[in-house]
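Grab a pencil and get the viewer ready. Let's work through a few short exercises together, step by step.

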Amino acid sequence: MNWIIFSSILFFIATVESRWLLDRICDYTLTDSHGLITSPNYPHSYPSSVVCTYKIIQPREKVVSLSLSHIDLGWNDTDSCSGRLEIYDGDDDLARRLDVLCGTDYFIPSRVINSTTNALFLKLESYSSIGENVGFQALYKTTDLKCGGLFTERNGTVRHPTYGTTYRNNENCDWVIQAPPRHTIQLRFTSFYTESTHDWVKISELHEGRIIDLITISGSSIPAAASPVITKGRILYIHFRSDSSNVYTGFRANYTFIDPLELN
Ligand SMILES: [Ca+2]
């Protein structure tokens with residue numbers, strides 16, 4: 001009898017242990033062109049004390065559109081959130097944060113969040129006391145990117161899609177260059193020609209949690225401050241805008257990551 005009880009206890013411990021592990025194995029990478037994302041156990045109550053991540057990675061010429069159809073993360077006794085969902089414009093939580101949602105929001109069905117890169121990263125965190133709240137459900141789909149993109153390789157070249165001829169009117173493009181932690185980025189233009197003042201390139205970076213504008217360039221010459229641009233942080237943004245008339249050859253720039261350890 002003692003052995004049966006002991007076996008039952010072991011089985012119970014093993015079951016609890018495997019469920020405990022299952023609850024915490026919730027880091028997903030999604031590469032399909034569209035799909036449904038939900039919190040664990042949806043549509044039943046989502047687990048407490050978990051951190052789940054959902055990384056949507058698509059080809060570089062795509063962007064991601066996320067449509068939240070249900071958000072029920074709940075409130076605790078002190079009216080603070082029982083869980084929260086953060087959404088980032090990139091492939092990890094060091095990218096630019098697009099939105100943070102918590103509590104329960106019945107007006108969500110109109111909420112659509114668009115990436116400017118080919119990646120979107122969601123992080124669901126739940127705290128200790130979850131009631132009957134079911135978490136969240138969202139649909140994502142991908143659309144063609146007209147220009148821009150996310151660059152994470154050590155070296156690369158950024159240029160508008162029609163480089164070699166001219167850019168187009170009314171372009172509005174965002175490129176994101178994202179180096180690994182502790183690295184910085186050097187960007188050097190090799191060609192630049194836009195309609196002066198009307199068509200321009202703005203370079204910004206994310207540093208210590210803030211977006212800092214570094215320089216705006218327009219016309220046919222590259223200012224000394226942009227040859228090269230060197231960041232303090234690991235994420236650099238290039239924003240290109242053209243107006244409704246007069247197009248030129250545009251720009252081309254090479255970048256490389258700088259590892260501070262290699263400089264010493
Ligand atoms: Ca123009």
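Two strands count as paired if DSSP finds at least two bridges between them. Helices (H or I, at least four residues) and strands (E, at least two) are DSSP runs, numbered from the N terminus. Before you start: this is a predicted model, where local features need pLDDT of at least 70 and side-chain atom pairs count only at pLDDT 80 or more, while totals for chains, interfaces and linings use all residues. Residues are numbered from 1 along each chain as its sequence is written.

**Exercise 1.** Find the residue in β17 that stands opposite Trp175.

*Solution.* Start with the strands: β12 (residues 172-178) and β17 (residues 235-241) run antiparallel and are joined by seven bridges. Now look across from Trp175, and you land on Ile238 in β17.

**Exercise 2.** Work out the strand order of the five-stranded open sheet, then name its edges.

*Solution.* Reading across, you get β10-β12-β17-β14-β15, with mixed pairing. The edges are β10 (149-151) and β15 (210-218), as each of them pairs on one side only. From one strand to the next, the twist averages 20 degrees (axes are lines fitted to C-alpha atoms, for helices over the stretch in contact, and angles run from 0 to 180 degrees between N-to-C directions).

**Exercise 3.** Explain why β11 and β16 each have a side without a neighbour in their sheet.

*Solution.* First, the order of this open, four-stranded sheet is β11-β18-β13-β16, and its pairing is antiparallel. β11 (155-159) and β16 (229-230) are at the edges with a single partner strand each, so one side of each has no neighbour in the sheet. Further in, nine bridges pair β13 (residues 184-193) with β18 (residues 250-258) in the antiparallel sense. One spot to check: Leu187 has Tyr255 in β18 as its bridge partner.

**Exercise 4.** Back to Ile238: list what it touches, and place it in the largest nonpolar core.

*Solution.* Leaving out residues up to four places away in sequence, Ile238 touches Val158, Trp175, Val201 and Ile203 (contact means C-beta atoms, placed from the backbone, within 7 Å). A nonpolar core is a set of buried Ala, Val, Leu, Ile, Met, Phe, Trp, Tyr and Cys residues joined through C-beta atoms within 7 Å. Buried means 20 or more other C-beta atoms within 10 Å of a residue's own. The largest core has 48 residues, and Ile238 is among those with the most contacts inside it, along with Leu85, Leu120, Leu122 and Leu236. Strand β4 (residues 62-74) gives the largest share, six residues.

Definitions and conventions: Buried ≥ 20, exposed ≤ 12 C-beta atoms within 10 Å, placed from the backbone. Contact = placed C-beta atoms within 7 Å.
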